[in-house]
Amino acid sequence: MRSWTVRTPGPIESGPLRRADRATPSPGPGELLVRVLACGVCRTDLHVAEGDLPVHLPGVTPGHEIVGEVVEAGPGALHGAGDRIGVAWLRGTCGACRFCRRSAENLCPYSVYTGWDAHGGYAEFALAVDAYAYALPPELDDVGAAPLLCAGIIGYRALRRAAVPPGGRLGIWGFGGSAHLAAQIALAEGAEVHVFTRSPAARELARELGAAWAGDSFDTGPAPLDSAIVFAPAGELVPAALERLDRGGTCAVAGIHLSDVPSLDYQRHLFQERTLRSVTANTRADGAEFLTLAARLGVAVTTRAYGLDDADRALADLAADRFTGAAVLVP
């Protein structure tokens, strides 16, 4: 089967992603072999390719926003041939540690991830773990559903971590795949959304989706914020977001990788009970809740489609911010 692998992690312009022909795998107990119908291109894939995340599986095939059709089910799997499923970032947890036992499986120290610990969806076929696969609502088409499986789910968890009060004012830093989905949920729930991004095209998309204001990453903004989410992997945006919070405000940082955060000034950034939180992966419950909500609300996914053979170009375009919304590979 056609696939891509990360041969040697490095800057995207050095070509870390290489084409490879692999044998189509067979599912083991509790596994599913899926034919990839669409696979989202996530910034985490870029971090894997460039080495921002340490190598877990040499030569790994990236991709963890997979919409697939089950071709074959291993023993004990509940899904069967012909089912359409979603395969996301979280691939497995131990189920026994103190975090798993308290419904915080996203913090499991033994968790494993699609496209990092196991081969992902930049390929014609992929293996999935049945217990961590999602049944997709029929209202969601293949290309539109793919970015929901990480960008959407992580954005949803970040939104919850940001603790937006009813009718509150939410600031969003960065406006790519994850942010433009979280913004729509926030707007549907009655929040006033302000978007801070260096991209004029992303600011225009934010306004089209209903943002009350959109400006540059370091603009002051029209009013203090109750909550903030930093989606861009730039540590220098954290003080900017904290400084724009009102008393008692909460800032959530949504990325798996972030450049160094500059020194914080206690009075300007944290005093008056401002809270800074990180976001780590997601639980399966987060995913199920978000996918149901996205289908019910008709969340609009802005996508740019690429063929499987253009996966390297899709990642390079993501790194250079050459599109708004989310890129999706369509084999």
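This briefing walks through the two domains, the salt bridges and a few single residues of the chain. Keep in mind that the model is predicted. The domain assignment splits the chain into domain 1 (2-139 + 298-329) and domain 2 (153-278), and the two have one salt bridge between them. Counted over the model, salt bridges come to 16. Two residues other than glycine that turn up with positive phi are Ala 163 and Glu 273.

**How the two domains meet**

- Domain 1 is built from two stretches, 2-139 and 298-329, while domain 2 is given as 153-278.
- Taken over C-alpha atoms, the centres of domain 1 and domain 2 sit 27 Å apart.
- On the contact side of things, 17 residues of domain 1 touch 15 residues of domain 2.
- Putting domain 1 and domain 2 together buries about 1200 Å², with carbon and sulfur atoms giving 66% of that area.
- The one salt bridge counted between the domains has company in the form of four residue pairs in polar contact, both residues at pLDDT 80 or more.
- Helix 1 (residues 43-50) gives the most to the side of domain 1 that touches domain 2, putting in three residues.
- Sorted by class, that side of domain 1 has eight nonpolar, six polar and three charged residues.
- Asp 321 and Arg 198 pair up through their side chains in a salt bridge, at 2.4 Å from N to O. Going by the domain bounds, Asp 321 falls in the 298-329 part of domain 1 and Arg 198 in domain 2 (153-278).

**Salt bridges that link distant parts of the chain**

- As a bit of background, side chains of opposite charge can pair when their charged atoms come close.
- Arg 35 and Glu 69 form one of these bridges, with 2.7 Å from N to O. Arg 35 belongs to strand 3 (residues 31-41) and Glu 69 to strand 4 (residues 66-73), so the bridge links distant parts of the chain, 34 residues apart.
- Both partners are partly exposed: Arg 35 has a relative accessible area of 37%, and Glu 69 comes in at 27%.
- Arg 84 and Asp 142 make another bridge, their closest N and O atoms being 2.8 Å apart. Because Arg 84 lies in strand 5 (residues 84-87) and Asp 142 in helix 3 (residues 142-145), this pair ties together parts that are 58 residues apart in sequence.
- Here too the partners are partly exposed, with Arg 84 at 23% relative accessible area and Asp 142 at 25% relative accessibility.

**A bridge within one helix, and a network**

- Arg 207 and Glu 204 share helix 6 (residues 200-209), where they are three residues apart, about one turn of the helix.
- Their closest N and O atoms are 3.7 Å apart, and the pair counts as a salt bridge.
- Arg 207 is partly exposed at 42% relative accessible area, and Glu 204 is partly exposed at 39%.
- Asp 310, Arg 313, Asp 317 and Arg 322 go beyond a single pair, being linked in a network of salt bridges.

**Ile 12, a loop residue**

- Ile 12 sits in the loop between strand 1 (2-6) and strand 2 (17-21).
- Ile 12 counts as buried because its relative accessibility, 14%, is under the 20% cut-off.
- Setting aside its neighbours within four places in sequence, Ile 12 has contacts with Leu 46, Glu 50, Leu 315, Ala 316 and Ala 319. Leu 46 and Glu 50 are within the bounds of helix 1 (residues 43-50).
- Ala 202 is another matter: Ile 12 and Ala 202 are 190 residues apart in sequence, and their C-alpha atoms are 22 Å apart in space.

**Positive phi outside glycine**

- Ala 163 has a phi near 50°, a positive value in a residue other than glycine.
- You'll find Ala 163 in the loop between helix 4 (151-161) and strand 10 (169-173), and at 41% relative accessibility it counts as partly exposed.
- Glu 273 has a positive phi of about 60°, and it is not a glycine either.
- Glu 273 is in the loop between helix 8 (266-270) and strand 15 (275-278).
- With 70% relative accessibility, Glu 273 counts as exposed, because the cut-off for that is over 50%.

Terms used: Residues numbered from 1 in each chain as written. Heavy atoms only, no water. Helix = DSSP H or I, 4+ residues; strand = E, 2+ residues; numbered from the N terminus. Buried < 20%, exposed > 50% of the residue type's maximum accessible area, 1.4 Å probe, protein only. Domains from an automatic or database assignment. Contact = heavy atoms within 4.5 Å. Buried area = accessible area lost by both parts, 1.4 Å probe. Salt bridge = Lys/Arg side-chain N within 4 Å of Asp/Glu carboxyl O. Polar contact = N/O pair within 3.5 Å; in protein donor to acceptor, adjacent residues only side chain to side chain. Nonpolar A, V, L, I, M, F, W, Y, C, P; charged D, E, K, R; others polar.
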